[in-house]
Amino acid sequence: MPSPTSLRRLGAVAVVTTAAAVTGVSILFSPNLATNDRGGGPALDSFRQKITDPNAVIPSRAAQESVLTGTSAANPLDVLVIGGGATGCGVALDAVTRGFRVGLVEREDFSSGTSSRSTKLIHGGVRYLEKAVFNLDYGQLKLVFHALEERKQVIDNAPHLCHALPCMTPCFDWFEVVYYWMGLKMYDLVAGPRLLHLSRYYSAQESLELFPTLAKKGKDRSLRGTVVYYDGQMNDSRLNVALACTAALAGAAVVNHAEVVSFLKDEANERIIGARIRDNLSGKEFDAYAKVVVNAAGPFCDSVRKMAKNDAQPMICPSSGVHVVLPDYYSPEGMGLIVPKTKDGRVVFMLPWLGRTVAGTTDSNTTITLLPEPHEDEIQFILDAISDYLSVKVRRTDVLSAWSGIRPLAIEPSAKNTESISRDHVVCEDYPGLVTITGGKWTTYRSMAEDAVDAAIKSGKLSPTNGCFTQNLRLIGGDGWEPSSFTVLAQQYVRMKRTYGGKVVPGVMDTATAKHLSHAYGTLAERVAAIAQNEGLGKRLAHGYPFLEAEVAYCARNEYCGSVVDFIARRSRLAFLDTDAAGRALPRVIEILANEHSWDKARQKQELESAKRFLETFKSSKNAQFHDGKH
């Protein structure tokens, strides 16, 4: 609980923060950062046209791979990116829109690692603001300015996948009410033009009307009210896939399920000039040459660096973040709950997400692995922590899914101690020709990518045709999308469903399904709806969820969906929302993908076994059953 001393200091520093905020806003929005100065104009219009062209077709994976195999020492790519997470795909999009020849390879799938296992928040750094105030640290304040700027741009550039979310902070003491109200008003002030909505105080009674499951009492204290502020929320892996597909439409050769096994080196100049790559779907290997390689492998960036230099000093301090998914009745639609400091000093939250409730999180040391699993004690910690603030009984049997993500906290390689561990990002080149970008957070992926491309330009002495303009470039499906776009789907399409007897019967394109398709695919949702209508793939994949069979076919054709796990985890979010429902959907997903990719029986069996192993790492309750009747 904040003390009176904290309140006095908060008040005393408010004036300083106000002045700093005005300064920061003027810096962020100065004329020097105008579109033309940052490479807009005709070049930006040209790329926008490519991305929004209704007749544009995303190149096939085979075509993309042929671009990489067609390189040579005499005809290299400008930039080869390793890693298909948010940062890697952001680097590919930034580099290709600056006029470079770009390739990207990802060992598993786009967003298969940390980028699909986030908190789903696009946050402006309210905790950095608290540190800035109490430590009188202008560096932390600049982080807040930066995060708020990037938050708004992420939401603007992918409006179908991102939205503003009100977050409620409960106060069980009048000091807490004043402390959080003042702090969040400062947050509003610092946000300036990038403010989503104003924060405000609600009385205890108003709070319970907005969040019915909120506890009225906590630890012998009564609820005094809540302070609500706004941050952003996203569908993280679909945003990541949109980045990859946008980069592909812009001209980058992006290939998932392709792993770097070694580097190609110019021994005379002691410089990396490309990579030996293995296609993990076919097993074949090939060389891809590039003037600069960008290592954006997230938690695995140290293993990539060690391929170049055996004695490379580690720069990743991995941290595990566990989340659980609960039924929607734990939190109301459109209102999150965030407790900045629990009894043991941690942050806990409950957020509505895709019709369910996400709760978390933990922050503990971990080892780096491809498929991290949450420990039972971490799941129980989250359940115990949220139960202190809820009137509803919190049960382990309600856990529909639980997952762990590895945060790649960065250490500057040249640092002499671990005190330099940062939530900010680090860019370095500790072997000529290999630029590494790591750390940071989802919110700032775009500016991280910009910094990495700037470093690559310097490393390879590259000549861009224009400056960076990704801050003004909407992702695929975003341009022209409106919140009301789903009505077109509901009014103009039907879901043709194939019965078990083989007969095709029409079904209504209900509001829940239309909204889901509109938010997941943006302006491209009509293409998915057309498949559902014209190819008899309008049936839902799992009871209680709006995901359609048509989506499997669409993603196989247009989103590089090469495996069953690609679909259930990253193209749809079924594995994250309900592990058992995902398991029940596997046979039909495999059947459709087998038809799209011409899989034989052996491959289908392999896919089923692989998907089952994957789902075993999502620790849902064996007894969890939840049918809300909405769909």
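Biologist: How many aromatic pairs does the structure hold?

Modeller: This is a predicted model, and the count is taken from its ring centres. Rings of Phe, Tyr and Trp pair if their centres lie within 6.5 Å. By that cut-off, the number of aromatic pairs in the structure is eleven.

Biologist: Is the pair of Trp 403 and Phe 576 stacked or edge-to-face?

Modeller: The centres of the Trp 403 and Phe 576 rings are 4.9 Å apart, and their planes stand at 75°. Planes over 60 degrees apart count as edge-to-face. The pair of Trp 403 and Phe 576 is therefore edge-to-face.

Biologist: How many residues apart along the chain are Trp 403 and Phe 576?

Modeller: Trp 403 belongs to strand β18 (residues 401-410), while Phe 576 belongs to helix α18 (residues 574-577). The pair thus links distant parts of the chain, and the separation is 173 residues.

Biologist: Are Trp 403 and Phe 576 buried or exposed?

Modeller: The cut-off for buried is under 20% relative accessible area. Trp 403 has 0%, and Phe 576 has 1%. Because both values fall under the cut-off, Trp 403 and Phe 576 are buried.

Biologist: Which residues do ring pairs link into a cluster with Trp 403 and Phe 576?

Modeller: Phe 614 and Phe 618 form a tilted pair, with ring centres 5.0 Å apart and planes at 45°. Phe 614 is buried at 5% relative accessible area, and Phe 618 is buried at 2%. Ring pairs link Trp 403 and Phe 576 into a cluster with Phe 614 and Phe 618.

Biologist: Which residue lies over the face of Phe 576?

Modeller: A charge counts as over a ring if, among other conditions, CZ of Arg is within 6 Å of the ring centre. Here the distance to the ring centre of Phe 576 is 4.5 Å, and the residue is Arg 573.

Biologist: Over the face of which residue does Arg 238 lie?

Modeller: The ring in question belongs to a residue that is buried in helix α14 (residues 511-521). Arg 238 lies at 4.3 Å from the centre of that ring, and the residue is Tyr 521.

Biologist: What covers the buried residues of α14?

Modeller: The buried residues of α14 include Thr 513, Ala 514, His 516, Leu 517 and Tyr 521. An α-helix has 3.6 residues a turn, so residues three or four places apart point the same way. The cover over the buried residues of α14 includes α9 (236-250), α13, β21 (494-498), α15 (525-534) and α16 (549-558).

Biologist: Which residue has a side-chain oxygen that reaches the backbone nitrogen of Ala 512 at the start of α14?

Modeller: A polar contact needs N or O atoms within 3.5 Å. The side-chain oxygen comes to within 3.3 Å of the backbone nitrogen of Ala 512, and the residue is Asp 510.

Biologist: Where does UniProt place the feature "domain: Alpha-glycerophosphate oxidase C-terminal"?

Modeller: The feature comes from an unreviewed UniProt entry. In the model, the span in question is 53% helix and 7% strand, and its end C-alpha atoms lie 43 Å apart. UniProt places the feature at residues 468-604.

Biologist: How many disulfides does the structure hold?

Modeller: A disulfide requires a pair of cysteine sulfur atoms within 2.5 Å. The cysteine sulfur nearest to that of Cys 162 belongs to Cys 167, 14 Å away. For Cys 428, the closest cysteine sulfur is in Cys 301 at 7.7 Å, which is too far for a bond. The number of disulfides in the structure is zero.

Biologist: Is Glu 270 buried or exposed?

Modeller: Glu 270 sits in the loop between β10 (258-266) and β11 (271-279). Its phi is positive, about 50°, although Glu 270 is not a glycine. The cut-off for exposed is over 50% relative accessible area. Glu 270 has 55%, so Glu 270 is exposed.

Biologist: What is the relative accessible area of Lys 461?

Modeller: Lys 461 is in the loop between α12 (445-460) and α13 (486-492). Lys 461 has a positive phi near 50° and is a residue other than glycine. Lys 461 is exposed, with a relative accessible area of 73%.

Biologist: Which residue does a cis peptide bond join to Gly 360?

Modeller: The residue is in the loop between β16 (356-360) and β17 (364-365). Omega of the bond is about 0°, and the residue joined to Gly 360 is Thr 361.

Terms used
Residues are numbered from 1 along each chain as its sequence is written. This is a predicted model: local features need pLDDT of at least 70, side-chain atom pairs count only at pLDDT 80 or more; totals for chains, interfaces and linings use all residues. Side-chain values use heavy atoms; hydrogens and water are left out. Helices (H or I, at least four residues) and strands (E, at least two) are DSSP runs, numbered from the N terminus. Buried means under 20% relative accessible area, exposed over 50%, partly exposed in between (1.4 Å probe, protein chains only). UniProt positions are given in the numbering used here, feature names are shortened, and annotations may be inferred rather than shown by experiment. Contact means heavy atoms within 4.5 Å. A polar contact is a pair of N or O atoms within 3.5 Å; within protein, one must be able to donate a hydrogen and the other to accept it, and residues adjacent in sequence count only if both atoms are side-chain atoms. Rings of Phe, Tyr and Trp (its six-membered ring) pair if their centres lie within 6.5 Å; planes under 30 degrees apart count as stacked, over 60 as edge-to-face and the rest as tilted. A charge sits over a ring if NZ of Lys or CZ of Arg is within 6 Å of the ring centre and within 35 degrees of the ring normal.
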